[in-house]
Structure formats: structure tokens, C-alpha cells
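This report describes selected features of one protein model together with its ligand. The reader is invited to keep the sequence and the structure in view while following the text.

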Amino acid sequence: MSNESLANLLKEERRFAPPAALAEQANVTAEAYEQARADRLGFWAEQARRLSWHTEPTQTLDWSNPPFAKWFADGRLNVAYNCVDRHVENGLGDRVALHFEGEPGDTRSITYAQLQSEVSRAANALLELGVRPGDRVAIYLPMIPEAVVSMLACARIGAPHSVVFGGFSADALATRIKDADARVVITADGGFRRGKPSALKPAVDEALTRPGTEDVRSVLVVRRTGQEDIAWTEGRDLWWHDLVDRQSDRHVPEAFDAEHPLFILYTSGTTGKPKGILHTSGGYLTQISYTHHAVFDLKPESDVFWCTADVGWVTGHSYIVYGPLSNGATEVLYEGTPDTPHRGRWWEIVQKYGVTVLYTAPTAIRAAMKWGDDIPAGFDLSSLRVLGSVGEPINPEAWVWYREHIGGGRTPVVDTWWQTETGGIMISPLPGVTATKPGSAQVPIPGIAATVVDDEAREVPNGSGGYLVLTEPWPSMLRTIWGDDQRFLDTYWSRFEGRYFAGDGAKKDDDGDIWLLGRVDDVMLVSGHNISTTEVESALVSHPRVAEAAVVGATDPQTTQAICAFVILRGDEDASADESALVEELRAHVAKQLGPIAKPKRILPVAELPKTRSGKIMRRLLRDVAEQRTLGDVTTLTDSSVMDLIQAKLPAAP
Ligand code: 6R9
């Protein structure tokens with residue numbers, strides 16, 4: 001980015017006060033900010049008491065060797081005990097932990113007492129396979145209860161898990177198995193996606209032929225789809241129902257150090273080798289439990305929580321597994337896609353289980369907008385009381401649509417900014433405290449320190465843009481990149497002395513609230529102005545005919561970069577009839593919203609956009625298309641045929 005700050009283009013004046021009834025009963029009030037400001041470490045030490053420790057910590061933060069942090073270092077605990085057993089001991093064994101909804105319509109409700117038995121059996125099975133504290137276990141499963149059980153079983157015996165998205169290729173799986181040196185892989189014959197069984201086991205078989213994966217001695221296979229022709233390697237492959245079901249449902253959890261590794265999770269990494277982000281136990285669980293309690297105002301006795309993420313994404317780790325379960329919540333776990341067998345499937349699930357708190361991603365909200373308002377209108381969504389968003393900046397129009405059409409115009413929407421690296425939510429409104437602004441994550445949560453700086457690391461004044469940095473260590477921070485301390489230092493801690501560089505552009509508005517503007521790598525430089533992709537995308541989405549937009553800067557001889565936009569139209573509208581008129585209208589619309597400098601040079605209506613499995617638009621690939629280059633790495637794409645469609649639409653460069 002050049003010295004000039006990001007142009008502050010978007011004006012958004014809408015405000016929504018917290019509902020009075022929610023504010024009155026809120027788990028967290030404005031006082032928490034005061035308390036954390038007065039004594040940040042004392043605040044986190046108090047939050048750590050949300051957990052049951054085998055040995056209570058007397059230390060909070062050890063920052064003697066920055067940026068390698070230790071939190072609660074002399075404390076000892078068992079993470080799985082905190083997520084399961086203690087609730088049973090507290091008389092909540094009959095409370096439902098998971099309402100599982102399979103894509104074909106099969107369901108299972110699992111109480112905390114049942115979860116305790118399942119996790120104990122799985123832990124005993126892993127022990128029988130020789131897994132010992134510190135050994136890594138790779139988990140490659142669909143969104144079924146065994147995914148949650150496997151993660152907790154690993155945590156219970158101190159074996160860090162490495163969950164790999166069920167949609168990733170054999171190559172991606174092999175790289176991750178090798179990097180973490182996993183000894184056991186837990187998988188399934190397959191899962192259900194878009195109405196069909198989709199096999200998983202063949203990808204494991206293929207991955208295990210790759211060099212560097214020889215240390216995998218066992219593959220534990222859940223039978224989910226029941227497909228017949230499944231390849232089997234005797235002596236290595238074991239059915240879950242053979243091994244796990246015969247184990248004792250008793251297992252005494254052992255206490256581990258607060259800094260014992262809990263999991264490694266690989267970030268998609270736009271270029272280069274994926275980064276194995278390492279999280280540990282006590283600090284991670286403290287912040288995840290607290291944020292789930294504070295940001296979603298979660299009342300475990302009455303709420304039904306639903307985070308629609310995949311467990312293979314950090315959002316699934318923190319807000320399907322560790323946050324809700326450490327808080328004794330009842331939650332929904334759904335295997336499939338939102339449009340199978342029909343486009344109202346999610347809303348039907350909300351109605352069926354009386355979901356009160358829904359946490360999803362902007363990509364899903366924009367898809368629902370595109371499908372039409374009448375679909376959610378056909379279901380009773382009145383149980384909902386808090387809505388959350390994560391994964392990308394949420395365009396103000398999508399935010400307002402979400403509140404209106406899903407939240408019935410009553411629910412607060414919390415836009416939560418965080419990363420795999422941060423482990424848990426960092427910047428977000430609190431539903432009972434903050435007057436929300438559509439499109440802004442607004443304020444660091446209590447106990448978190450973030451700001452926006454310019455190239456020289458100076459804090460920018462209100463009304464200006466720059467880089468988002470975190471200025472103090474936090475309990476659920478990554479501890480390093482697995483096996484690569486130097487890369488940890490280079491990636492996050494070398495750009496600004498003593499501060500964590502998140503890689504995101506951001507601006508502060510006149511009130512000092514933070515707006516996320518997309519990855520710094522995606523910021524465009526147009527005739528000497530830095531323009532954020534997010535703002536141009538939001539301007540496009542505010543046009544009634546646009547459902548979704550992705551904007552990139554393509555090299556241009558006159559202006560350094562030219563703004564090139566890819567748009568998906570609302571409804572099933574066919575643009576071909578008046579495409580050139582519509583494109584002109586959209587260009588004029590952006591110029592009016594943001595100013596002439598932000599007017600896209602080219603706009604291309606497309607049917608789909610390239611996305612990662614967590615719903616993030618892969619602008620890098622669109623840049624390749626716009627600059628007519630060969631496509632870069634597409635292995636983390638949900639559906640690579642999307643790129644063929646887009647390339648076929650692209651007219652020759654003007
Ligand atoms: C949780 C998660 C992290 C990146 C992050 C940023 C983007 C996430 C956001 C957001 C704007 C939000 N991001 N939440 N941008 N507003 N509320 O998504 O983790 O997959 O590691 O991605 O996602 O760019 O840096 P991860």
C-alpha cells in the first residue's frame with residue numbers, strides 16, 4: 001500500500017439500538033469494557049474462572065519472550081472435561097448438546113451424558129491405537145456428530161487434532177498429514193452433499209500413497225453413507241463401529257498444562273505452503289468460552305445455538321465445538337448445504353429446533369438474498385433473537401436484509417471479525433450494549449486491544465484508513481506456526497514493531513469504530529488512490545439488481561490498476577438481454593455512491609464466484625482472469641468448474 005491512506009468512501013448512517021429487553025438481561029454490559037480497561041490481565045484472569053481447572057493458574061500472561069506468549073502457564077486442565085463431563089456432574093446430563101440434522105433428513109439428538117459416553121469410548125479407542133499425549137491425529141470427516149466426538153476425544157487424551165475440510169483434495173490432505181506428522185487419520189466412507197453420497201475414504205487412500213505420510217499407522221472409518229465398494233487396507237483401516245463401540249464408556253480425563261497444544265489448523269494460505277496455526281488449551285478455551293457467552297449473549301438453559309460453519313474451518317472449531325460446549329449450550333449440527341433439498345432448508349431447521357442464535361457467513365446471506373425474500377418468509381423464524389456474521393466484510397445491504405428478513409427487524413446483528421490465528425472473536429458489537437452500524441465490526445471486545453495504523457505504524461485519526469493491528473497479546477492467540485517459528489515472526493510480527501499485523505485493511509469512522517476493508521493484498525491502487533475492494537463491492541450490492549459482487553484491480557497502463565467487477569444478479573434474472581445497459585447503470589451507480597475514482601472500468605455479470613469452503617471469494621483467481629493469466633492454485637476452491645464458466649464469459653480485453 002502506498003503512503004496515502006485508504007480512501008474513506010462509504011457513508012453509512014443507519015444505526016440500530018439494542019432491543020431494551022435484551023439489554024436489560026444481557027450477559028455482558030458496558031461495565032465490562034471499563035473493567036477490562038482498568039485491569040486487562042485481571043479481566044482475563046477472571047474470565048479463566050469460567051473454566052474448571054484441575055490446578056488453578058496463579059499466573060496470567062507470561063510475555064517475557066514476545067511474541068511467544070504463555071497464558072495461565074501454571075494452570076492445568078482438561079479441555080474435554082470442561083466441554084462435557086463437568087456439565088454432567090452439574091446435573092445437566094439430560095440436556096441436549098447436539099441436535100444433529102443429516103442432509104437426507106436423518107436426525108439424532110445427543111445429550112451431554114451421551115456425549116460423555118461417546119467421547120470416552122473414542123478416547124479409549126485412540127489409546128488402544130497407541131495415540132499418546134502430543135501425538136497428532138488428522139480428522140477428515142463430514143459434518144456428523146463423530147467429527148465433534150473425535151475432536152473432543154483427542155483433546156481428552158492430549159493429542160492435538162488437525163481437522164482437514166471434508167471437501168479438500170487428496171493432495172491438500174497429504175500436505176497437512178505430512179506437515180503435522182499425523183499418526184492416525186479419522187475419516188468416513190463419505191458424507192451427503194447436494195442430495196448424493198460423496199465419498200471421502202478414497203481421498204485418504206490416495207493421500208496415504210504420497211511420500212511423507214508413511215507414519216500414519218491407523219485409519220479409523222465412520223460408516224456414514226454405507227457405500228459398498230470401499231477399498232480396505234488390512235491392518236491399517238478399522239471401522240469406527242468395530243473399534244469404538246466395544247470400548248468402555250468410562251475414561252478418566254487427565255489434566256494437561258494450559259499451554260499443552262490443543263490443535264493445529266491450516267489456513268488456506270493464498271500462496272505458498274499452508275500455515276499450520278497452533279493453538280493451546282487454557283487461554284484458547286478461556287477466550288472462546290467468554291466470547292461465545294458475551295457476543296451471542298448465550299443463555300444455556302433456554303437458547304438453541306446454530307453456527308452453520310463446517311468444523312474444518314476455525315469458526316467450527318471455536319463456535320461449534322469449544323465455545324458452545326464449554327458453556328453447556330444446546331446447538332444444531334447440520335450436515336448439508338442450504339439448498340438441499342430446497343432453498344428453505346436452513347429456515348426449516350431454524351423453525352424445527354426453535355433456533356434462537358444464528359451464526360453464519362455473508363456469502364450465505366447474499367445467496368439467500370439472491371434466492372428471494374419469499375423463501376424465509378415461508379417459515380416461522382420468530383425464535384431468533386441474535387444473529388451473527390463472520391468470514392468476510394458484510395456489505396451494509398446484506399446486513400440490513402439479514403436483520404429484516406431473517407431477524408424480523410428485531411434482532412441485533414453482530415458482525416464478528418477474527419481469524420484462524422486469533423482463535424476467537426476479537427472485534428464485534430455486543431448485542432445488549434452496542435448501537436450497531438450495518439457493515440462495521442465496530443469495537444474490540446472487552447480485554448482486546450486493536451487499532452488502525454498507517455505505513456509508519458502511526459495510529460490513524462478517526463475518519464482515515466490503514467492497516468488493522470492488534471496491540472496487546474490475547475489469550476486465544478496463535479502460539480506459532482507449527483514447526484516454523486521464523487515464519488510466525490515474519491508473517492505477523494515483523495511489519496509493525498511489537499504489534500500483530502492481521503493482513504487486513506481497515507478504517508476508523510468519525511466515532512472511532514472499525515470497518516474492515518478486505519485483505520491488504522486485495523486493496524487496489526487506482527491513479528494514486530488506494531481503494532478497498534470491500535467498499536466497491538458494497539456499493540454494487542446496494543443496487544437492487546445485484547446479489548453479490550467481487551472486485552479486483554487489474555494491471556492497467558494508464559491508471560496502474562483498473563477496477564474490474566464480477567457481479568451475480570438477484571433472482572434468476574437473465575442479464576443477457578440488456579447486459580450493456582445494466583453494466584452502464586451499475587458503473588454510474590458506483591460513481592454516485594463512492595465518487596468517480598471508484599467507478600469500475602469493467603463489470604462482468606457471472607453466474608457464480610470462486611469461493612473457498614468457508615465462503616471467502618478468491619479474488620486472486622479473478623485477478624488472474626482479469627489479467628488473462630493462467631490460473632494459480634485452485635485446490636482450496638469449492639468448485640473449480642466455476643472458473644471455466646467465468647473465463648468463458650470474458651470478452652477479449654478492451
Ligand atoms: C474467522 C475467519 C480470516 C480473515 C480475516 C478477514 C476475514 C473474517 C470478518 C472478516 C471482515 C469480518 N474476516 N471475519 N472480514 N469482517 N467480520 O474467518 O477466519 O478463515 O482465518 O479468515 O477473514 O480478512 O483476516 P479465517
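A charge is said to sit over a ring if NZ of Lys or CZ of Arg is within 6 Å of the ring centre and within 35 degrees of the ring normal. The model discussed here is predicted. In it, the charged end of arginine 223 sits over the ring of tryptophan 239, at 4.7 Å from the ring centre. A second case involves arginine 495, whose charged end sits over the ring of tyrosine 467, 5.0 Å from its centre.

**Aromatic rings**

How many aromatic pairs does the model contain? The count comes to 29 aromatic pairs. One of them is formed by phenylalanine 296 and phenylalanine 305, whose ring centres are 5.2 Å apart. The planes of these two rings make an angle of 65 degrees, and the pair is edge-to-face because angles over 60 degrees are classed in that way. Phenylalanine 296 has a relative accessibility of 0% and therefore counts as buried. Phenylalanine 305 likewise counts as buried, at 0% relative accessibility. Elsewhere, ring pairs link Trp63, Phe68, Trp474, Phe488, Tyr492, Trp493 and Tyr500 into a cluster.

**The surroundings of the ligand**

The ligand has 17 residues around it, of which Trp313, Asp415, Thr416, Thr420 and Asp504 come nearest. The shell is made up of seven nonpolar, five polar and five charged residues. Three side chains that place a polar atom beside an oxygen atom of the ligand are listed below.

| Residue | Distance from a polar side-chain atom to a ligand oxygen atom |
|---|---|
| Threonine 420 | 2.5 Å |
| Arginine 519 | 2.9 Å |
| Lysine 616 | 2.9 Å |

Taken alone, the ligand exposes 530 Å², and the protein buries 92% of that area. The elements that give two or more residues to the shell are α11 (314-326) and β25 (514-519).

**Backbone features**

Most residues other than glycine have a negative phi, and most peptide bonds are trans. Several places in this model may be read against that background.

Which peptide bond joins proline 66 and proline 67, cis or trans? The bond is cis, with omega about 0 degrees. Proline 67 is found in the loop between β1 and β2 (70-71). The peptide bond from threonine 340 to proline 341 is also cis, and its omega is near -5 degrees. Proline 341 belongs to the loop between β17 (330-334) and α12 (345-353).

Positive phi values occur as well. Arginine 194 is not a glycine, yet its phi is positive, at about 55 degrees. This arginine 194 lies in the loop between β9 (190-193) and β10 (196-199). Aspartate 297, another residue other than glycine, has a positive phi near 50 degrees. Its place is in the loop between α10 (282-295) and β16 (304-307). Is aspartate 297 buried or exposed? With a relative accessibility of 2%, aspartate 297 counts as buried, because the limit for that class is under 20%.

**Threonine 60**

Threonine 60 lies in the loop between α3 (40-48) and β1 (61-62). Its relative accessible area is 18%, so threonine 60 is buried. Along the chain, threonine 60 and arginine 95 are 35 residues apart. In space, their C-alpha atoms are separated by 33 Å.

Note on methods
Residues are numbered from 1 along each chain as its sequence is written. This is a predicted model: local features need pLDDT of at least 70, side-chain atom pairs count only at pLDDT 80 or more; totals for chains, interfaces and linings use all residues. Side-chain values use heavy atoms; hydrogens and water are left out. A residue is near a molecule or strand if one of its heavy atoms lies within 4 Å of it. A polar contact is a pair of N or O atoms within 3.5 Å; within protein, one must be able to donate a hydrogen and the other to accept it, and residues adjacent in sequence count only if both atoms are side-chain atoms. Accessible areas come from the Shrake-Rupley method with a 1.4 Å probe; for residues, only the protein chains shown count as cover. Helices (H or I, at least four residues) and strands (E, at least two) are DSSP runs, numbered from the N terminus. Ala, Val, Leu, Ile, Met, Phe, Trp, Tyr, Cys and Pro count as nonpolar, Asp, Glu, Lys and Arg as charged, and the others, Gly among them, as polar. Rings of Phe, Tyr and Trp (its six-membered ring) pair if their centres lie within 6.5 Å; planes under 30 degrees apart count as stacked, over 60 as edge-to-face and the rest as tilted. Buried means under 20% relative accessible area, exposed over 50%, partly exposed in between (1.4 Å probe, protein chains only).
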